[in-house]
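Reader: Hello! I am new to this structure and would love a close look at one part of it, the sheets and the sites that go with them. Could you walk me through it at an easy pace?

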Amino acid sequence: MIEQSILEITSALSRANRIIIVPHKGPDGDAIGSSLGLYHFLKDKGHDVKVVAPNDYPQFLKWLPGQEEILIFEEDRENCLALINNAEIIFTLDFNMLDRTGEMEEPLRAAEATFIMIDHHPEPSDYADHTYSDAGMSSTCQMVYKFIQKLRAVKYITPQIATCLYTGIMTDTGSFRYRSTSSETHLVIADLIEKGADNTTIHQNVFDTFTENRLQLLGVALQNLRVNKELHTAYITLSQEELDRYNFQKGDTEGFVNYGLAIEGVKFAVIFIEHKSEGLIKMSLRSKGKFSVNQFARSHFNGGGHLNAAGGKSDLSLQETVAKFNSLIPDYKEELSV
Ligand code: 5GP
Ligand code: MN
């Protein structure tokens, strides 16, 4: 982000009172952590600020400071529409295409506010007045920290802000192990601990939250795992019937896809999850090394994401989607072999 933009943002922030912060649909730890981190920062500065999420977020985030103040567009349309229409500044966090906000896309496009994007996905679109985009960053939370730093306001980071930002950096880096984790990530993390983030409690709150049902659903997922050794690929399926049997709750399948990647030699892992009510199969794709799941998801499954982590969807049946996947991967044999 260029210095001119920072000057303009500083001046916009000094003029604007009504601000909303929007994470992407199906928000994860980074989307909610960055939104709440920025929320506390702006609120402490005296702004009238609200987080408006397109839909609900997983149970394992429902302890974050300020989460009870988040408004859910799907559940409170009228109120949220009024906030969007009246906002002077709209921050969009952890995504870079407005269609990632689902049904909020149209009202956002019509909004007159100044848009500020803070995001770490590749290939940003150009809807924002100020685009702070850096695909080299571990997480949007790390970028919010840097954004606060650019505003020369690191000294105003409270334990609440530190907790929210720590959480998103932790979840988006797989607890600081993905390649996106840099020495700078650790410096930011060190400062967040210094400023009051309680790392042990945060880790427990996010990860040690399995219900019996969720752990048994993981058992089913692992039984359904299939490995294609020749193509260094593994995939898992979960049908609606299997989800129902274990009383599936939002967030229950978080992290399941990583078990495929934990198999020696596997470089590409996918989970296919049936969502009968939406008539969709949702996919999470993960890779190791140079194989781009972002490109694969964009090309074949109406999705996208990062080099090593992406999402996608299909309106075929579960079996047909898996068959499509199996027919596509031989074309990538060479890329998957390096
Ligand atoms: P997850 O598999 O955890 O849902 O998503 C992995 C990554 O891909 C996240 O960074 C997420 O923002 C991105 N992603 C997930 N679904 C989609 C999608 O439908 N389109 C795009 N462009 N990115 C997605
Ligand atoms: Mn992210």
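Author:

**The parallel sheet and what goes with it**

Let us begin with an open sheet of 6 strands, paired in parallel and ordered β3-β2-β1-β4-β5-β6. The edges belong to β3 (71-72) and β6, and each of these has a single partner strand, so one side of each is left without a neighbour in the sheet. Please keep in mind throughout that this is a predicted model.

Now look at strand β1, residues 18-23. Of its 6 residues, 5 are buried, so β1 is largely enclosed by the rest of the structure. It runs parallel to strand β2 (residues 48-53), and 4 bridges join the two. To find one of the places where they meet, start at Arg-18, whose bridge partner in β2 is Asp-48.

Next comes the pair β4 and β5, which run parallel and are joined by 5 bridges. Here you can pick out Ile-90, which stands opposite Phe-115 in β5. As a general picture to have in mind, side chains in a regular strand alternate between the two faces of the sheet.

From these strands we can step into the loops and meet the manganese ion, ligand 2. Its protein donors are Asp-30 (OD), Asp-94 (OD), His-120 (NE2) and Asp-172 (OD), at 2.2 to 2.4 Å from the ion. Along the chain, these donors follow the spacing D-x63-D-x25-H-x51-D. Asp-94 and His-120 link distant parts of the chain: Asp-94 sits in the loop between β4 (89-93) and α4 (105-110), while His-120 sits in the loop between β5 (114-119) and β6 (130-133), 26 residues apart. Both Asp-94 and His-120 are buried.

Stay for a moment in the loop between β4 and α4, where you will also find Thr-101. With a relative accessibility of 0%, Thr-101 counts as buried. Its side chain reaches the backbone nitrogen of Glu-105 at 3.2 Å.

**The mixed sheet and ligand 1**

The other sheet to visit is open too, with 6 strands in the order β7-β8-β9-β10-β12-β11 and mixed pairing. At its edges stand β7 (226-228) and β11 (304-305), each with a single partner strand, so one side of each is left without a neighbour in the sheet. The partner of β11 is strand β12 (residues 309-314), and the two pair in the antiparallel sense over 2 bridges. Across this pairing, Gly-304 stands opposite Gly-311 in β12.

Strand β9 (residues 268-275) holds Glu-274. This residue counts as buried, at 14% relative accessibility. A polar atom of the Glu-274 side chain lies 2.8 Å from the backbone nitrogen of Gln-240.

Gly-304 brings us to ligand 1, for it is among the closest of the 13 residues that surround this ligand, together with Arg-100, His-121, Ser-284 and Arg-286. Several contacts can be followed atom by atom. The side chain of Arg-100 has an N or O atom 2.6 Å from an oxygen atom of ligand 1. For the side chain of His-121, the corresponding distance from an N or O atom to an oxygen atom of ligand 1 is 2.8 Å. Ala-310 takes part through its backbone, with an N or O atom 3.4 Å from an oxygen atom of the ligand.

How much of ligand 1 does the protein cover? On its own the ligand has 490 Å² of accessible area, and the protein covers 80% of that. Strands β10 (280-287), β11 and β12 are the elements that give two or more residues to the shell. The largest share, 4 residues, comes from β12.

**A last stop at the cysteines**

Are there cross-links to look for, and how many disulfides does a search of the whole structure find? The count is 0. A disulfide is a covalent bond between the sulfur atoms of two cysteines. Take Cys-141 as an example: the closest cysteine sulfur, in Cys-164, is 7.9 Å from its own, too far for a bond. The cut-off for a disulfide is a pair of cysteine sulfur atoms within 2.5 Å. Cys-141 is buried, with a relative accessible area of 0%, and Cys-164 is likewise buried, at 0%.

How values were computed. Residues numbered from 1 in each chain as written. Chains lettered and ligands numbered in written order. Predicted model: local features only at pLDDT ≥ 70, side-chain atom pairs only at ≥ 80, totals over all residues. Heavy atoms only, no water. Pairing = 2+ DSSP bridges. Donors = N, O, S within 2.8 Å, 3.2 Å for Na, K, Ca; no water. Buried < 20%, exposed > 50% of the residue type's maximum accessible area, 1.4 Å probe, protein only. Near = heavy atom within 4 Å. Polar contact = N/O pair within 3.5 Å; in protein donor to acceptor, adjacent residues only side chain to side chain. Areas by Shrake-Rupley, 256 points an atom, 1.4 Å probe, with all protein chains shown as cover.
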